[in-house]
Amino acid sequence: MARILVIRLGALGDFIQSFAPFAAIRAHHPHDVVDLLTQAPFADLARHAPWFDHVHVDRRPPWHDLRAVMALRRLLRSYDFIYDLQTSGRSTRYFHLSGMTAWSGIGRGAQAVHDSPQRRAMHTRARQRDQLRRAGIDSLPVPDLSWLARGGPVLPAPYGVLVPGAAAHRPAKRWPVERYAALAQQMHARGLLPVIVGGRGERALAAVIRDTCPAAVDLTGRTSLPELGGVMARAACAVGNDTGPMHLAAVLGVPCTVLFSADSNPALTAPVGQKAGQVRVIYVRDLATLRVDRVAATLA
């Protein structure tokens, strides 16, 4: 029985984009131990998933912290094969720490090196598919996410989810919250309960929306990631910025409208759904120019 490690760090959207690769790696190693190295915010979600035997949290130690780096080195060297789905400068250093060639990733000299000259021009999912193909995994099936669809509060149906937040340091990724408030009003007028989700930092955004549409339900900061999965899975639709929860809605099969500005490229990072037409992307250079009626029309 071999010991397999998967490395996936990054943001929530990156982690969710790896659900299909996680499932494919697990299926490729049915009798092996398959563990995950990830960041603390995703550990609980990963432990709920059926793909991993153990989940390790990467504390991302500074390189001058020799004790922590040596502990990471021991962990990496306890595995027989490592799939690096992060493929960053940091995880490539992990390749060197591991002291092994039994590695799938961009590390030069790796057994299953992903050296495609087009990798930076590929969508995340296509890049991962190409990487795993070189490691002998030929397909990325749609993963069974029934384990994720059960949790969270049960809300009155039908409802639509609004995701008004995004990375605080990238304000250009956010559609103005007043537009979300106006959209919430239109949703409620159509008999669709608006439900606002996000982290604690988005509570001020939710308050603006509820000032305009008091019927809206505010769940910001009130759900874990597994619970948010259940809320998303039962939604009639979801509208939001280019941020992690929209990837969650997409992978669960929810009809989605995702709003992109020039601050990110949907050709590389757009959420991936389960079927054609499920995920609609609206791209405008400046989200301040995007009208409410254009977004509302996607919910018809």
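**Exercise 1. The β4-α5-β5 unit**

Determine which handedness the unit made by β4, α5 and β5 has in this predicted model, and how its strands pair.

Solution.
Step 1. Take the three elements in turn: strand β4 covers residues 81-84, helix α5 residues 89-98 and strand β5 residues 103-105.
Step 2. Check the strands. β4 and β5 run parallel and are joined by two bridges. Within this pairing, Y83 of β4 stands opposite S104 in β5.
Step 3. Assign the hand. Together, β4, α5 and β5 make a β-α-β unit that is right-handed.
Step 4. Look at the other pairing of β4. Four bridges link β4 to β1, again in the parallel sense, and I7 stands opposite D84 in β4.

**Exercise 2. Side chains of β4**

Sort the residues F81, I82, Y83 and D84 by the way they point, and state whether they are buried or exposed.

Solution.
Step 1. Recall the general pattern: side chains in a regular strand alternate between the two faces of the sheet.
Step 2. Apply it to β4. F81 and Y83 point one way, while I82 and D84 point the other way.
Step 3. Add the accessibility. All four of these residues are buried.

**Exercise 3. The surroundings of α5**

Decide how far helix α5 is enclosed, and list the elements against which its buried residues pack.

Solution.
Step 1. Count the buried positions. Of the ten residues in α5, seven are buried, so the helix is largely enclosed by the rest of the structure.
Step 2. Name them: R90, S91, T92, Y94, F95, L97 and S98.
Step 3. Find their packing partners. The buried residues of α5 pack against the strands β1 (3-7), β2 (33-38), β4 and β5, and against helix α4 (66-76).
Step 4. Inspect what comes after the helix. G99 follows α5 and has a positive phi, near 65°.

**Exercise 4. The six-stranded sheet**

Give the strand order of the open sheet that six strands form, and identify the strands at its edges.

Solution.
Step 1. Write the order: β9-β8-β7-β10-β11-β12, with parallel pairing.
Step 2. Locate the edges. β9 (217-218) and β12 (279-283) each have a single partner strand, so each is left with one side that has no neighbour in the sheet.
Step 3. Examine one edge pairing. β9 is joined to β8 (residues 193-196) by two bridges, and the two strands run parallel. V195 stands opposite V217 in β9.

**Exercise 5. Salt bridges**

The structure holds nine salt bridges. For R26, D115 and R134, find the partners and say what parts of the chain the pairs connect.

Solution.
Step 1. Start from the general point that side chains of opposite charge can pair when their charged atoms come close.
Step 2. Take R26. Its partner is D53, with the closest N and O atoms 3.0 Å apart. This pair links distant parts of the chain, 27 residues apart: R26 is in helix α2 (residues 19-28), and D53 is in the loop between α3 (40-48) and β3 (54-57). R26 counts as buried at 15% relative accessibility, whereas D53, at 40%, counts as partly exposed.
Step 3. Take D115. Its side chain meets that of R134 in a salt bridge, at 2.5 Å from N to O. D115 lies in the loop between β6 (112-113) and α6 (124-133), and R134 in the loop between α6 and β7 (159-163), so the pair ties together parts 19 residues apart in sequence. D115 is exposed, at 52%, and R134 is partly exposed, at 38%.
Step 4. Follow R134 further. R134 also forms a salt bridge with D130, the closest N and O atoms being 3.6 Å apart. D130 counts as buried, at 15% relative accessibility.
Step 5. Join the pairs. Through shared partners, salt bridges connect D115, D130, R133 and R134 into one network.

Terms used: Residues are numbered from 1 along each chain as its sequence is written. This is a predicted model: local features need pLDDT of at least 70, side-chain atom pairs count only at pLDDT 80 or more; totals for chains, interfaces and linings use all residues. Side-chain values use heavy atoms; hydrogens and water are left out. A salt bridge is a side-chain nitrogen of Lys or Arg within 4 Å of a carboxyl oxygen of Asp or Glu. Buried means under 20% relative accessible area, exposed over 50%, partly exposed in between (1.4 Å probe, protein chains only). Two strands pair if DSSP finds at least two bridges between them. Contact means heavy atoms within 4.5 Å. A crossover is right-handed if, with the strands pointing away from the viewer, the path from the first strand over the helix to the second runs clockwise.
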